[in-house]
Amino acid sequence: SLYRTRVLCARSRLGMAHGDFALLVASLEAGKGDAAKRACRQELLQAAFREAHAMVDLTSWTWLVHGRLTVSFIVLLLIVRAVALSQGNIPGYSVLGIHFLTTGADLCCACCAIPLFVGGSRGYCVRSGCVGPALTLIFSMSMVDIGALVSFLLVDTPRPLAPESERSAVDLLEAVMGVWDFALIASVALELALCASAWRLYRELRVAGLYPPGSNPAIGM
């Protein structure tokens, strides 16, 4: 029958065990009404979701770990900036707005990426359909960071040095690149890496049929 053919196709897609498959077929053949057919379809759909989640867990675990590490380093970068600010290390007036902009971009990326990479394919971010907007925001903040870096290279000037007798190697290094400057460069690299990880995870979710919410994973597989 048509329903038996669909079950066979679903078994071939999902790789179901013989016992589970036989149980579904028996339920289908024994059922005479629509209720039995609906229950069988529900069982098939649940099996499809289990298989899709297992496939995403297998193919995207590298990008999940990569994204979690990247988010951790972005949070560490925000802490470094806060410590530098608390110690009175404030960037120059000409680049203050640039560093403020890139710090805000890091904060936005961390807030968007933490729910996505911590929850994974079963998290609230995927179930609520927020993966696409999160990816868009991460990409936008990456472009903002790149623009901030280009602007910094155009307007930044070396810090004035103390008299030659009082100079040290640290003073010479800070005159060229300070902690805020290193944080800006690290921010660009980390946000681009985070954008790549989010895109890979988004692609795996789409291929498996788990995103957008309401998709049928048996059709996407």
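**Exercise 1. Determine which residues arginine 206 touches, leaving aside residues up to four places away in sequence.**

Solution. Step 1: contact is taken as heavy atoms within 4.5 Å. Step 2: with residues up to four places away in sequence not counted, arginine 206 touches Tyr211 and Pro212. Step 3: arginine 206 is found in helix H8, where a helix is a DSSP run of H or I with at least four residues, numbered from the N terminus. Step 4: its relative accessible area is 42%, and arginine 206 is therefore partly exposed; buried means under 20% relative accessible area, exposed over 50%, and partly exposed in between, with a 1.4 Å probe and protein chains only. Step 5: the C-alpha atoms of arginine 206 and valine 56 are separated by 9.8 Å, although these residues are 150 residues apart along the chain.

The model is predicted, so local features need pLDDT of at least 70 and side-chain atom pairs count only at pLDDT 80 or more, while totals for chains, interfaces and linings use all residues. Residues are numbered from 1 along each chain as its sequence is written, and side-chain values use heavy atoms, with hydrogens and water left out.

**Exercise 2. Compare the span of helix H4 with its expected span, and locate its kink.**

Solution. Step 1: the expected span of a helix is 1.5 Å times one less than its number of residues. Step 2: helix H4 covers residues 93-119, which is 27 residues, so it should span 39 Å. Step 3: the end C-alpha atoms of H4 are 40 Å apart, in agreement with that value. Step 4: a kink of about 35 degrees lies at alanine 113, shortly before proline 115; the bend at a residue is the angle between axes fitted to the seven residues ending there and the seven starting there. Step 5: just after H4, glycine 120 takes a positive phi of about 70 degrees.

**Exercise 3. Repeat the span check for H8, and describe what follows this helix.**

Solution. Step 1: H8 has 30 residues, and 44 Å is expected at 1.5 Å a residue. Step 2: from its first C-alpha to its last, H8 reaches 43 Å, which is close to the expected value. Step 3: glycine 209, just after H8, takes a positive phi of about 85 degrees.

**Exercise 4. State how many disulfides a search of the whole structure finds, and describe the surroundings of cysteine 109 and cysteine 111.**

Solution. Step 1: a disulfide is a pair of cysteine sulfur atoms within 2.5 Å. Step 2: the search of the whole structure finds 0 disulfides. Step 3: for cysteine 109, the nearest cysteine sulfur belongs to cysteine 112 and is 7.1 Å away. Step 4: for cysteine 111, the nearest cysteine sulfur is that of cysteine 108, 6.7 Å away. Step 5: cysteine 109 has a relative accessible area of 0% and is buried, whereas cysteine 111, at 53%, counts as exposed.

**Exercise 5. Identify the salt bridges and state whether their residues are buried or partly exposed.**

Solution. Step 1: side chains of opposite charge can pair when their charged atoms come close. Step 2: a salt bridge is a side-chain nitrogen of Lys or Arg within 4 Å of a carboxyl oxygen of Asp or Glu, and the count comes to 2 salt bridges. Step 3: aspartate 106 pairs with arginine 81, the closest N and O atoms being 2.6 Å apart. Because aspartate 106 lies in helix H4 and arginine 81 in helix H3, this pair ties together parts that are 25 residues apart in sequence. Step 4: aspartate 106 is buried at 0% relative accessibility, and arginine 81 is buried at 4%. Step 5: arginine 203 forms a salt bridge with glutamate 204, with the closest N and O atoms 4.0 Å apart. Arginine 203 is partly exposed at 36%, while glutamate 204 is buried at 15%.

**Exercise 6. Describe the setting of serine 187.**

Solution. Step 1: serine 187 is found in helix H8, which covers residues 179-208. Step 2: serine 187 counts as buried, at 1% relative accessibility. Step 3: leaving out residues up to four places away in sequence, serine 187 touches Leu77, Arg81, Thr102, Asp106 and Asp145. Step 4: two of these contacts, Arg81 and Asp106, form the salt bridge between arginine 81 and aspartate 106.

Note on methods:
Helix = DSSP H or I, 4+ residues; strand = E, 2+ residues; numbered from the N terminus.
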